[in-house]
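Visitor: I should like a close look at one part of this model, namely its cavities and what surrounds them. Please explain that part step by step, in a form that a first-year student can follow.

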Amino acid sequence: MNYLYFLYIEFLQRHNIPQLFGDITFYFIPFCIIAVALLLVVIVLVLVERKLLGFFTQRKGPNRVGWWGILQTIADALKLLCKENITPDKADKFLFNLAPILVFVPMFAAVGVIPYSSEFTFINTSTNVILYLILAAFPVLSIFLAGWASNNKYSLFGAARSIAQVLSYELPMTFVVLSVAVLASSLNLTEITLAQSSKFGALGWFWIPCVLGFVIMFICILAELNRCPFDLPEAESELICGYNTEYSGMRFAIFYLSEYAMMFANAMFLAILFLGGYLSPFGKYFFGAAPLVYFEQAFWLFLKAAVLIFIMIWIRATLPRLAIYDLLKFSWVVLLPLSIINLFVAVLIKFGGAVWMA
């Protein structure tokens, strides 16, 4: 963040504004950047997913509002803004209104943990991998509150399913993250990215020694996001929406916004762990000087995330929904043992290679 800080201070000095003002207001810049970027990303992702699902299932998708339907997402947002926010009479009104906020704020913070380039990392700590995992799992609390506070049994069933699902898939995900931490000797996302630097480009990334962990992590992220074939909390057999059945208007839109924002954040997180993050797949950057190199690094990260999101959408259009017992059994019987094996292999590669070199 030093580069952005000095640019900001230099801009203020040109306009005879004291540096103290810049030191105080500088930290609002990352907040504004993240807010604007998330809004644009969600608008684009919603449209792209609907168009891709239409393509995969031989339908047209949105094509009436604006050219090629590009204004459809904006029209949906305006519709939700105009709809009434209804609160059931027997609901716990405080928790009912708190749940959408609790799902939005952790998502917002999780996006700030991601290192977008070698210079732009808004929240950089020595253990920001753990911080990200906590923030990414935190929305399960809001889902539980939404199901409980709605005073709707079907909403509560959906919330209970979500808790069981997240708890089941968090454990194999943790073992996979530990394997990456072993290979990188760090729990910092920037250091994990730099540990994958190689003159061979993509061949030096962690997806090669941890290809099994990469697949497990991808599956667990789908389960964390409640996306098909793991979308049981939002798709009951009774054909209602699940934990957010009683929500309408902008409160429903916040749940919807958070899902797509977390999909984008988790795709970048997966790209950082296994696909080199903002590193170039060619082993070198086309631009060698700032600030262009920082934009190139962000481009590579976004491109990798876009490919992963495309695969997520492809899976949604292809695979059927799992039954709840198959979903839980798959995690405990298949993914958990494989994740432990993946960790064992990572330890062998890391320390076995060191012993061999010695």
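Guide: A helix here is a DSSP run of type H or I with at least four residues, and helices are numbered from the N terminus. With that in hand, please bear in mind that the model is predicted.

Two cavities of 30 Å³ or more are counted. The largest cavity has a volume of about 240 Å³. Its lining consists of 18 residues, and those nearest its centre are Pro 139, Ile 143, Glu 224, Leu 225 and Asn 226. At least two lining residues come from each of α6, α7, α8 (153-184) and α11. The biggest contribution to the lining of the largest cavity is that of α11, with five residues. Sorted by class, this lining holds eleven nonpolar, four polar and three charged residues.

The second largest cavity has a volume of about 60 Å³. Around it stand Tyr 132, Leu 133, Ala 136, Glu 170, Met 173, Met 217, Ile 221, Glu 224, Asn 266 and Phe 269. Two or more of these lining residues are supplied by each of α6, α8, α10 (211-224) and α11. Seven residues of this lining are nonpolar, one is polar and two are charged. Glu 224 therefore deserves attention twice: Glu 224 is among the residues nearest the centre of the largest cavity, and Glu 224 also lines the second largest cavity.

Let us now turn to the helices named above. Two packed helices are described by the angle between their axes and the distance between the axes. The axes of α6 (residues 128-137) and α11 (residues 249-274) come within 12 Å and cross at roughly 155°. Angles over 145 degrees count as roughly antiparallel, so α6 is roughly antiparallel to α11. The crossing of these two helices is left-handed. On the side of α6, the contact involves Val 129, Tyr 132, Leu 133 and Ala 136, which meet Met 262, Ala 265, Asn 266 and Phe 269 of α11. Seven of the residues in this contact are nonpolar, one is polar and none is charged. Several names return here: Tyr 132, Leu 133 and Ala 136 of α6 and Asn 266 and Phe 269 of α11 take part in the contact, and these residues also line the second largest cavity.

The helix α7, which supplies residues to the lining of the largest cavity, has a packing partner in α5. The axes of α5 (residues 93-113) and α7 (residues 139-149) come within 8 Å and cross at roughly 160°. The same cut-off of 145 degrees applies, so α5 is roughly antiparallel to α7. Here too the crossing is left-handed. From α5 the contact takes Leu 95, Phe 96, Ala 99, Leu 102 and Val 103, and from α7 it takes Pro 139, Ser 142, Leu 145, Ala 146, Trp 148 and Ala 149. The contact of α5 with α7 comprises ten nonpolar residues, one polar residue and no charged residue. Pro 139 thus belongs to the contact with α5, and Pro 139 is also listed among the residues nearest the centre of the largest cavity.

Two loops that adjoin these helices complete the account. Most residues other than glycine have a negative phi, and most peptide bonds are trans. Asn 151 lies in the loop between α7 and α8, and Asn 151 has a positive phi of about 60° although it is not a glycine. Pro 229 lies in the loop between α10 and α11, and the peptide bond that leads to Pro 229 from Cys 228 is cis, with omega near 10°.

Definitions and conventions
Residues are numbered from 1 along each chain as its sequence is written. This is a predicted model: local features need pLDDT of at least 70, side-chain atom pairs count only at pLDDT 80 or more; totals for chains, interfaces and linings use all residues. Side-chain values use heavy atoms; hydrogens and water are left out. Axes are lines fitted to C-alpha atoms, for helices over the stretch in contact, and angles run from 0 to 180 degrees between N-to-C directions. Angles under 35 degrees count as roughly parallel, over 145 as roughly antiparallel, 65 to 115 as roughly perpendicular and the rest as oblique. A crossing is left-handed if the near helix is turned anticlockwise from the far one by less than a right angle, and right-handed if clockwise. Contact means heavy atoms within 4.5 Å. Ala, Val, Leu, Ile, Met, Phe, Trp, Tyr, Cys and Pro count as nonpolar, Asp, Glu, Lys and Arg as charged, and the others, Gly among them, as polar. On a 1 Å grid over the protein atoms alone, a cavity is a set of points where a 1.4 Å probe fits but cannot get out, and a pocket is an open set with protein on both sides within 12 Å along at least five of seven lines; lining residues have an atom within 4 Å of a point. Grid points are joined across faces, edges and corners, and a volume is the space filled by probe spheres set on the points.
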